[in-house]
Amino acid sequence: MFCVKKVFTFDAAHNLTKYKGKCEKLHGHTYKLEIKVCGDLNDEEMVLDFSDLSTIVEEEIISKLDHSYINDIIPQPTAEMIAKWIWDKLSNRFRTERYKLQEVTVWETPTSCAIYFE
Ligand SMILES: [Zn+2]
């Protein structure tokens, strides 16, 4: 099987309401997002054109989350719940006979990420 992956970033604010600690107060992160799609190759020997992958992620995710207060969209915006929300938005967009969404990774800091897959 082949996989393609693309990396995006967005800036957003959040605070964790059901949590005691640093992330309880309002603050921001530059999130890094990795989208991985796996499947078989097409006639052009690609899983999926990187620019098509980009267009869908920009449209469905980056346009909504960049410079947002994520709590308005996701009630308890941990990296885990952001990854799940992104999965739910994208899984239908990347589901064909030939390929499907494999994994969503949300990096909250350069050393901490959450991964969602089914
Ligand atoms: Zn935080």
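This is a guided tour of the structure shown above, going from the whole chain to single residues.

**Before you start**

The model is a predicted one, in which local features need pLDDT of at least 70 and side-chain atom pairs count only at pLDDT 80 or more, while totals for chains, interfaces and linings use all residues. When you select residues, keep in mind that they are numbered from 1 along each chain as its sequence is written.

**The whole chain**

Select everything, and colour it by helix and strand; here helices (H or I, at least four residues) and strands (E, at least two) are DSSP runs, numbered from the N terminus. The protein has two helices and five strands, and their pattern along the sequence is β-β-α-β-α-β-β. Its C-alpha atoms fill a box of roughly 50 × 25 × 25 Å, taken along the principal axes.

**The sheet**

Now show the strands alone, where five of them form an open sheet of mixed pairing in the order β3-β1-β2-β4-β5; two strands count as paired if DSSP finds at least two bridges between them. At the edges stand β3 (68-69) and β5 (112-116), each with a single partner strand, so one side of each is left without a neighbour in the sheet. Strands of a sheet pair through backbone hydrogen bonds, either parallel or antiparallel.

Select β1 (2-14) and β2 (27-39), which run antiparallel and are joined by 13 bridges; as an example, look at Lys-6, whose bridge partner in β2 is Ile-35. Next add β3, which pairs with β1 in the parallel sense over two bridges, and find Ala-13, which stands opposite Tyr-69 in β3.

On the other side of the order, select β4 (residues 99-109), which pairs with β5 in the antiparallel sense over five bridges. A hairpin joins β4 to β5 through two residues. Thr-109 stands opposite Ser-112 in β5, and Thr-105 stands opposite Ile-115 in β5.

**The helices**

Bring back helix α1 (residues 50-65), which lies across β1, β2 and β3 and runs at about 20° to β1; axes are lines fitted to C-alpha atoms, for helices over the stretch in contact, and angles run from 0 to 180 degrees between N-to-C directions. Then add helix α2 (residues 79-90), which packs on the sheet, touches β2, β4 and β5, and has a direction that makes about 150° with that of β4. For such contacts, the C-beta atoms of two residues, placed from the backbone, must lie within 7 Å.

Which residues of α2 are buried? Select Ala-79, Ile-82, Ala-83, Trp-85 and Ile-86, which are the buried ones in α2; a residue is buried if 20 or more other C-beta atoms lie within 10 Å of its own, exposed if 12 or fewer, and partly exposed in between, with C-beta atoms placed from the backbone. These residues cover an arc of only 160° around the axis, which puts them on the same side of α2; the arc is that of the directions from the helix axis to the C-beta atoms. What covers the buried residues of α2 includes β2, α1, β4 and β5.

**A loop residue**

Finally, select Met-46, which lies in the loop between β2 and α1 and is partly exposed, with 13 other C-beta atoms within 10 Å. Add Val-4 to the selection: Met-46 and Val-4 are 42 residues apart in sequence, and 8.7 Å apart in space, C-alpha to C-alpha.
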